[in-house]
Amino acid sequence: MATGSREVGSYGKTVATLLKETQEAGGKSLRALAEEVHISAAQLSRQLNGHRTITLDELARISDALGLDPYGVLVSAERRIGAAEAGRAEGAAPAPTPAA
C-alpha cells in the first residue's frame with residue numbers, strides 16, 4: 001500500500017465540505033465526532049477541511065456517526081460539483097466555497 005500524502009482533489013474536498021457542514025449543523029463537536037469514529041481530532045480536522053484524504057472506511061464511519069448514508073454523501077458531492085460546473089459553463093459566477 002502506498003504511503004505519504006496525496007493532494008485532495010475537488011471531489012474529495014466537496015465530500016469533506018458536505019461532512020463538515022453536517023457535523024456543524026448537527027452541533028456535534030469535532031472532538032466528539034473524532035472519538036466516535038476512532039480518529040484523532042487533528043486528523044479529522046485536516047480531513048474535514050480538505051487537507052487530507054478520507055479513505056472509504058473513514059467515510060463509512062464518519063457518515064454513520066453523522067447519520068448519513070456514505071453513498072448519499074458521494075451522490076450529493078457529485079451533484080454539487082455538477083451544479084457548479086454547469087453554472088460556470090453558463091457564465092454564472094462559481095459557487096461560493098466555505099470559509100476555512
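Helix H4 is followed by Gly67, whose phi is positive, near 75°. This glycine belongs to a predicted model, in which the chain forms five helices and zero strands. In sequence order, the pattern is α-α-α-α-α. Of the 100 residues in the chain, 29% are buried. The accessible surface of the chain amounts to about 6500 Å², and carbon and sulfur atoms account for 53% of that area. Among contacts between residues at least 6 apart in sequence, 59% join residues at least 24 apart.

The description begins with helix H2. This helix spans residues 30-37, and Leu33, Ala34 and Val37 are buried within it. These residues cover an arc of only 100° around the axis, which puts them on the same side of H2. Such an arrangement follows from helical geometry: an α-helix has 3.6 residues a turn, so residues three or four places apart point the same way. The face of H2 turned away from the buried side carries the exposed residues Arg31 and Glu35. The buried residues of H2 pack against three helices, namely H1 (10-25), H3 (41-48) and H4.

Between H2 and H3 lies a loop that contains His38. His38 comes after H2 and has a positive phi of about 60° although it is not a glycine. In general, most residues other than glycine have a negative phi. With a relative accessible area of 68%, His38 is exposed, because this value lies over the 50% cut-off.

The packing of H2 with H3 is considered next. Two packed helices are described by the angle between their axes and the distance between the axes. For H2 and H3, the angle is about 105° and the axes are 9 Å apart. The two helices are therefore roughly perpendicular to each other. On the H2 side, the contact involves Leu30, Arg31, Leu33 and Ala34, which meet Ala41, Leu44, Ser45 and Leu48 of H3. By class, this contact has six nonpolar residues, one polar residue and one charged residue. Leu33 and Ala34 thus appear both in the contact with H3 and among the buried residues of H2, whereas Arg31 appears in the contact and is exposed on the face turned away from the buried side.

In H3, the buried residues are Gln43, Leu44, Gln47 and Leu48. Viewed down the axis of H3, they fall within an arc of 125°, so they line one face of the helix. The cover over these residues includes H1, H2 and H4. Just after H3, Gly50 takes a positive phi of about 75°.

Helix H4 comprises residues 56-65 and includes Glu58. Its buried residues are Glu58, Leu59, Ile62, Ser63 and Ala65. Seen down the axis of H4, these residues fall within an arc of 160°, so they too line one face of the helix. The face of H4 turned away from the buried side carries the exposed residues Leu56, Asp57 and Asp64.

Glu58 merits separate description. Its relative accessible area is 9%, and Glu58 counts as buried because this value is under the 20% cut-off. Leaving aside residues up to four places away in sequence, Glu58 touches Ile39, Gln43, Gln47, Arg52 and Thr53. Two of these partners, Gln43 and Gln47, are themselves buried residues of H3. Glu58 and Pro70 are twelve residues apart in sequence, and their C-alpha atoms are 9.9 Å apart in space.

How values were computed
Residues numbered from 1 in each chain as written. Predicted model: local features only at pLDDT ≥ 70, side-chain atom pairs only at ≥ 80, totals over all residues. Heavy atoms only, no water. Helix = DSSP H or I, 4+ residues; strand = E, 2+ residues; numbered from the N terminus. Buried < 20%, exposed > 50% of the residue type's maximum accessible area, 1.4 Å probe, protein only. Contact = heavy atoms within 4.5 Å. Arc of directions from axis to C-beta. Areas by Shrake-Rupley, 256 points an atom, 1.4 Å probe, with all protein chains shown as cover. Axes fitted to C-alpha atoms, helices over the stretch in contact; angles between N-to-C directions. Parallel < 35°, antiparallel > 145°, perpendicular 65-115°, else oblique. Nonpolar A, V, L, I, M, F, W, Y, C, P; charged D, E, K, R; others polar.
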